Amino acid sequence: MHAITIPEPGGPDALVWAEVPDAEPGPGEVVISVRASAVNRADLLQRQGHYPPPPGAPPYPGLECSGVIAATGSEVSDWQVGQEVCALLPGGGYAERVAVPAGQILPLPAGVDVIDAAALPEVACTVWSNLVRVAGLGAGEKLLVHGGGSGIGTFAIQFGAALGATVISTARPAKHDRLRELGASHVIDYTSEDFVAEVKQLGGADVILDIVGGAYLGRNVAALATGGRLVVIGLQGGRKAELDLGALLTKRGSVFATALRARPATEKAAIVREVRDDVWPLVAAGTIRPIIDRRLPMSQAGQAHRIVESSDHLGKVLLTVP
Ligand SMILES: NC(=O)c1ccc[n+]([C@@H]2O[C@H](COP(=O)([O-])OP(=O)(O)OC[C@H]3O[C@@H](n4cnc5c(N)ncnc54)[C@H](OP(=O)(O)O)[C@@H]3O)[C@@H](O)[C@H]2O)c1
């Protein structure tokens with residue numbers, strides 16, 4: 001089989017489509033013949049040598065894929081060869097075939113084609129686990145989504161609105177109209193406006209889904225409502241910052257930080273089950289849609305990384321296997 005390899009960490013040209021050993025299923029695994037994968041911000045870090053795959057994961061990038069089941073392991077009985085599926089991966093999606101624990105596979109949601117389904121597993125599992133399990137977001141609450149134009153953001157806006165939350169989002173102005181269409185009631189240009197002042201005017205955020213990290217910690221706490229929950233899932237603005245516990249304490253606020261990729265397979269399987277039960281019906285009903293910026297052939301993964309690095313995309317950039 002072929003996969004995108006990284007012979008030497010570096011820029012987008014470090015990604016090389018090359019022949020590699022074939023993926024074989026372990027006893028509890030399924031091999032997927034990949035039709036598409038999607039670019040995640042983490043793949044850029046992996047390419048640069050800053051985000052090694054967890055132990056046991058394939059060395060190739062790709063945290064999600066869609067395709068057709070090509071083989072099943074000896075202990076797998078609930079999936080059959082030939083079924084179209086998508087999957088949450090610890091890595092290895094940028095390839096013609098990938099082996100994945102059976103618990104991390106999802107059926108295609110009704111109405112979503114096999115290519116577009118590659119846009120869903122990582123964002124659905126990340127957003128579901130953080131907004132519902134960690135932050136306990138409820139109807140009527142105010143949700144601030146930083147980076148609303150990201151893959152994560154476009155899903156979080158739709159999901160927050162579907163839960164009955166009022167969604168506020170930050171993004172560059174070119175993306176504002178699309179974010180409103182997705183369900184954001186208020187959109188803030190973080191390059192020229194003070195999001196803290198804007199959010200405070202709306203009464204403060206009950207939940208913040210943050211991808212900036214260090215650079216926003218103090219301002220995020222300032223934007224929280226009483227009892228607010230800040231969930232940091234990205235560190236695009238650095239990993240270190242001073243936390244004013246007095247400000248947090250006065251608001252009875254909470255700060256969480258989580259990462260999906262490093263979780264054990266059993267925890268990922270539990271999240272995947274919940275996503276199948278509680279999120280897939282919203283996708284099947286058309287309430288939440290995969291937001292695809294563009295599709296490129298897998299062999300052009302370097303070009304796809306350039307696009308995501310520029311942040312000019314909105315939603316997901318897909319990589320397709322012919
Ligand atoms: N912890 C986890 O389990 C987990 C899982 C998946 C993803 N993530 C993280 O979630 C983030 C999004 O991932 P992705 O793959 O969806 O990213 P993406 O599509 O590459 O989007 C990144 C976005 O960040 C926005 N951005 C940059 N600086 C910003 C700022 N100061 N304020 C607001 N927005 C800003 C850019 O939007 P503009 O064009 O508007 O600037 C861009 O759209 C990444 O940091 C990723 O590492 C974490």
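Which strands does helix α2 lie across? In this predicted model, helix α2, built from residues 121-134, lies across β8, β11, β12 and β13. Its direction makes an angle of about 150° with β11. To see what this helix rests against, it helps to begin with the sheet.

The sheet is open and has six strands, paired in parallel fashion. Read across the sheet, the order is β10-β9-β8-β11-β12-β13. Strands of a sheet in general pair through backbone hydrogen bonds, and the pairing can be parallel or antiparallel. At the edges of this sheet are β10 (186-189) and β13 (254-257), each of which pairs on one side only. From one strand to the next, the twist averages 15°.

One pairing can be followed in detail on the structure. Strand β8, residues 142-145, runs parallel to strand β11, residues 205-210, and three bridges join the two. Within this pair, L143 of β8 stands opposite V207 in β11.

A second helix, α3, also packs on these strands. Helix α3 covers residues 151-163 and lies across β8, β9 (166-171) and β11. The angle between α3 and β8 is about 170°. Strands β8 and β11 thus appear in the list for α2 and again in the list for α3.

The two helices also meet each other. The axes of α2 and α3 come within 9 Å and cross at roughly 50°. Because an angle of this kind falls between the roughly parallel range, under 35 degrees, and the roughly perpendicular range, 65 to 115, α2 is oblique to α3. The crossing is right-handed. On the α2 side, the contact is made by V123, A124, T126, V127, W128, L131 and V132. On the α3 side, the partners are G151, I152, F155, A156, F159 and L163. By residue type, this contact comprises 11 nonpolar and two polar residues, with no charged ones.

Residue A124 of α2 leads on to another part of the chain, since A124 is also touched by W280. This tryptophan lies in helix α9, residues 280-284. W280 has a relative accessibility of 5%, so it counts as buried, the cut-off being under 20%. Leaving aside residues up to four places away in sequence, W280 touches C86, L106, P107, L108, P109, L120, A124 and V275. P107 shows how the fold brings distant parts of the sequence together: W280 and P107 are 173 residues apart in sequence, yet their C-alpha atoms are 9.1 Å apart in space.

Notes
Residues are numbered from 1 along each chain as its sequence is written. This is a predicted model: local features need pLDDT of at least 70, side-chain atom pairs count only at pLDDT 80 or more; totals for chains, interfaces and linings use all residues. Side-chain values use heavy atoms; hydrogens and water are left out. Two strands pair if DSSP finds at least two bridges between them. Helices (H or I, at least four residues) and strands (E, at least two) are DSSP runs, numbered from the N terminus. Axes are lines fitted to C-alpha atoms, for helices over the stretch in contact, and angles run from 0 to 180 degrees between N-to-C directions. Contact means heavy atoms within 4.5 Å. Angles under 35 degrees count as roughly parallel, over 145 as roughly antiparallel, 65 to 115 as roughly perpendicular and the rest as oblique. A crossing is left-handed if the near helix is turned anticlockwise from the far one by less than a right angle, and right-handed if clockwise. Ala, Val, Leu, Ile, Met, Phe, Trp, Tyr, Cys and Pro count as nonpolar, Asp, Glu, Lys and Arg as charged, and the others, Gly among them, as polar. Buried means under 20% relative accessible area, exposed over 50%, partly exposed in between (1.4 Å probe, protein chains only).
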